[in-house]
Amino acid sequence: GLFVTDYFTRTPRKLSPFRSFASIELFHFHIPEDTVIAVWNLITFKEQGGTFGDQCPDRSITVYFRSGAPSVINPLHTHFPRDTAVPGSFALTLTWTLPNRTTGVFNVTSPLPGDWFLAAHLPKDEGKISVKGLYEECQYLFQPQLIVQRLVNIAVLYPGHVTEQSMGPHNRSCLYKVFVPSYTSRVLVEVLRCRGAEGCPLWLRVRAKAPPLHNSTTLDCQEHTPCQLAQDLPFWQHWYYVLVEKHPGVLGTISFQVTVQLTDCSQPGLARPPFLPSSASMNMPHSFGSAGGLALGDSPPPTSPNDTKHPVPVTSHARERCWPVRPTLRNELDTFSVHFYIFFGPNVSVPPDRPTVFVINLLPVLDSGGVLNLELRLNVSSLCGENVTVFGCLNHEVPLTSGDNTSVTCETESLAGFLLSVNATASLSRLRIPYPQTGSWYLSLRSLCATEHGFEPCTNVTAEVYLRAYLSPCINDCGIYGQCKLLRTNNYLYAACECKAGWNGWGCTDNAEAFSYGFQLLSTLLLCLSNVMFVPPVAIAVRSHYLLEAAVYIFTMFFSTFYHACDQPGIVVFCIMEYDVLQFCDFLGSLMSVWVTVIAMARLQPVVKQASVLYLLGAMLLSMALQMDRHGLWNLLGPSLFALGIMAVAWTARTIRRRHCYPPTWKRWAFYLCPGALIAAAAVLLYAFVETEENYFYIHSIWHLLIAGSVGFLLPPRAKPSRRLGPLPRRKGCGYQLCVNEQEELGLVDPAVASINSICTS
């Protein structure tokens, strides 16, 4: 055949340590039909400060692959919520082969067509809280590339027609495909008139959706006569691929015929008419009066000279596997919030003699990022005292009902579904499927009565079941200890839970490491009450007549207390304002406390008469910096260094003018400035290098205590009154005011020898 190669790539993305599915990087690919091989080239490289990160440590990278929907991963081995089905996926771990770059290759032979998803993440870290911009962070970038090779012009088999084929000495196999419409219960492939070698040294392989593999359904035509391979309960609305392959060592030319026969569900004893259109071609359920199956098209295909009609007898053995399918009404409320309503529901009657089948259609790409929820509730009063059990079987792309009454497993050799059951004892059953595959999901309900010999069909008992099916973003909205986040990768949307307070799991239901209520209360009280340490600095400031500084400390104490009361991860939370407002005010108050303290230490009043300008300038600069980036290092450190520079200039100027170190007394240095500076430095070191997610509540409380304590030490004492004689008091007499000389008012002239020039005004 003719091969065509397609190439797809994605932009490199920064990987994060795994905490929940919200921290992974998701990549979406689409594999076309008739693909025989798909090769993923997985490129990973390190970066640090805009250059190659040769010094960065090697951290393993885990990549997950899944067809049809994102992978449901559990690298931390946490517990899933009850009644949750976990679909499987393939995982690959990449190791480093070069100091700053590594490449991995993942091959898939005959992959399923459609959507494929890759999820990648780093291992879980220790949860260190780092200050943004303090040092160059190591970044691990991941870029997947996809190369697919697909066949073109694959021969199409038409049901009921025979195709002649001659396989030369240099050809090892021939590939065909046939389309299986809805309401087909059986696919029968047969090889006829095999000539050119002794016996029929051919292998016959059949597979749905993609070309067959070595482990696909296989039949040796040399050992089986006639060479017929049947597929019961085939996938509806999909291509089936037929591969005819020579035995090893066969060198001559072999000629044979291939034919395919499809069995109509509504008439199991008859083969599907090759080109007869029916109401099923419009996806109408049989309960609405459909009399036939789904045809391949509206017009017959061209018949080649080698094609002839060849009727194949088909036995009826799957009559009870095909029943009328009731549709559901789709009602979209929001993103990943879809309800599926049943006509004349939600109460459903399950007769004793046949199953009741429903179909739920999930849209491609749009619905695979949520959770499919199914709920069955049995009306016990409808059982009339009988020991009735209603079994529900949920299958993808084809309905499945068990023909064996003694064991209901919802599985066959080639199919596996999800089983639900309700009875008088357990009248409620739920099923949750995170990230379901899109397409048609079929729910088959069947009522059986329990006897000594197993389950048998009931007589004259029609069970009534309440059925609810809906699509939700997360499982139970992640509970009270989680937050359901809507995430996006390129044009693909998906939802995931982000847990808090030590809770883990897909639905934040694993409490193995959860914080107790007492621990949550203790951490909240420590973070809030540690701000009371600002009361002594407020008292010192008021006593020293630093009223503006005292107001800033009160502002900081108030908003820091209520910000941490609102910032708690658990249920001990109290918010008086929006979280963003509280966070901004807390950060602004903290930086303003540093600013006004340093400006007060500079004692600029004798030098700059309008020192309040600096206070206002600091407030404006800090507000701007916080609005730009609240966690950026230099946006926050810059104003603080600027204030320290002003203080250094002021102290240096006083030292030069007085020719003596400022502050002048050694007691001020030994008992106030040095201890205050050491306490502030210890607080900064704890905040920058020691704080982690586990010790946050007490390390940050210590930070509050140290910062408030350092302010109490560093705040300068009350300014002593000047020894110079101030301006003469203004005397009043006879309704006139005596004015004094300006020079004398400024204290520049000795008042004992100053002449007073009186200016009398009425």
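This talk walks through one protein chain, from its overall make-up to its helix packing and then to a handful of individual residues.

Let me say at the outset that what we have here is a predicted model. The protein chain has nine helices and 36 strands, and buried residues account for 47% of its 762 residues. If we take the contacts between residues at least 6 apart in sequence, 76% of them join residues that are at least 24 apart. As for the surface, the chain exposes about 38,500 Å², and carbon and sulfur atoms supply 58% of that area.

I would like to turn now to the helices, beginning with α2 and α3. The axes of these two helices come within 8 Å and cross at roughly 165°, and since an angle over 145 degrees counts as roughly antiparallel, α2 and α3 are therefore roughly antiparallel to each other. In this pair α2 passes α3 in a left-handed crossing. On the α2 side the contact is made by Val535, Pro537, Val538, Ala541 and Val542, while α3 contributes Leu547, Ala550, Tyr553, Ile554 and Met557. What is the character of the residues in this contact of α2 with α3? They divide into 10 nonpolar, no polar and no charged.

The next pair is α3, residues 547-566, with α4, residues 579-602, whose axes come within 8 Å and cross at roughly 150°. That angle makes α3 roughly antiparallel to α4, and α3 passes α4 in a left-handed crossing. Here the residues of the contact divide into 15 nonpolar, seven polar and two charged.

The third pair joins α1, residues 517-529, to α8, residues 696-714, with axes that come within 8 Å and cross at roughly 15°. Are α1 and α8 roughly parallel or roughly antiparallel? With angles under 35 degrees counted as roughly parallel, α1 and α8 are roughly parallel to each other, and their crossing is left-handed. Phe519, Ser523, Leu526 and Leu527 in α1 meet Tyr696, Phe697, His700, Ser701 and His704 in α8, and the residues of this contact divide into five nonpolar, four polar and no charged.

Staying in this region, Ser530 sits in the loop between α1 and α2, the latter covering residues 535-543. At 6% relative accessibility Ser530 counts as buried, and, leaving out residues up to four places away in sequence, Ser530 touches Leu525, Ser701, His704 and Leu705. Two of these names, Ser701 and His704, we have just met among the α8 residues that meet α1. Ser530 and Ser560 are 30 residues apart in sequence, and their C-alpha atoms are 9.7 Å apart in space.

Let me move to the strands and the loops between them. Asp115 lies in strand β9, residues 114-121, and at 14% relative accessibility Asp115 counts as buried. Which residues are in contact with Asp115, once its neighbours within four places in sequence are left aside? They are His28, Phe29, His30, Arg66, Ser67, Gly68 and Val365. The C-alpha atoms of Asp115 and Gln437 are separated by 9.6 Å, although the two residues are 322 apart along the chain.

By contrast with Asp115, which is buried, Asn215 is exposed, with a relative accessible area of 57%. Asn215 is placed in the loop between β15, residues 202-208, and β16, residues 217-220, and its C-alpha lies 9.1 Å from that of Arg205, which is 10 residues away in sequence.

Finally, a few points of backbone geometry that I would ask you to look at in the model. A cis peptide bond joins Thr225 and Pro226, with omega about 0°, and Pro226 lies in the loop between β16 and β17. The peptide bond from Tyr662 to Pro663 is also cis, with omega near -5°, and Pro663 is found in the loop between α6 and α7.

Two residues other than glycine have a positive phi: Tyr183, where phi is near 60°, and Asn490, where phi is about 55°. Tyr183 is in the loop between β13 and β14 and counts as buried at 6% relative accessibility, whereas Asn490, in the loop between β33 and β34, is partly exposed, with a relative accessible area of 47%.

Note on methods
Residues are numbered from 1 along each chain as its sequence is written. This is a predicted model: local features need pLDDT of at least 70, side-chain atom pairs count only at pLDDT 80 or more; totals for chains, interfaces and linings use all residues. Side-chain values use heavy atoms; hydrogens and water are left out. Axes are lines fitted to C-alpha atoms, for helices over the stretch in contact, and angles run from 0 to 180 degrees between N-to-C directions. Helices (H or I, at least four residues) and strands (E, at least two) are DSSP runs, numbered from the N terminus. Angles under 35 degrees count as roughly parallel, over 145 as roughly antiparallel, 65 to 115 as roughly perpendicular and the rest as oblique. A crossing is left-handed if the near helix is turned anticlockwise from the far one by less than a right angle, and right-handed if clockwise. Ala, Val, Leu, Ile, Met, Phe, Trp, Tyr, Cys and Pro count as nonpolar, Asp, Glu, Lys and Arg as charged, and the others, Gly among them, as polar. Buried means under 20% relative accessible area, exposed over 50%, partly exposed in between (1.4 Å probe, protein chains only). Contact means heavy atoms within 4.5 Å. Accessible areas come from the Shrake-Rupley method with a 1.4 Å probe; for residues, only the protein chains shown count as cover.
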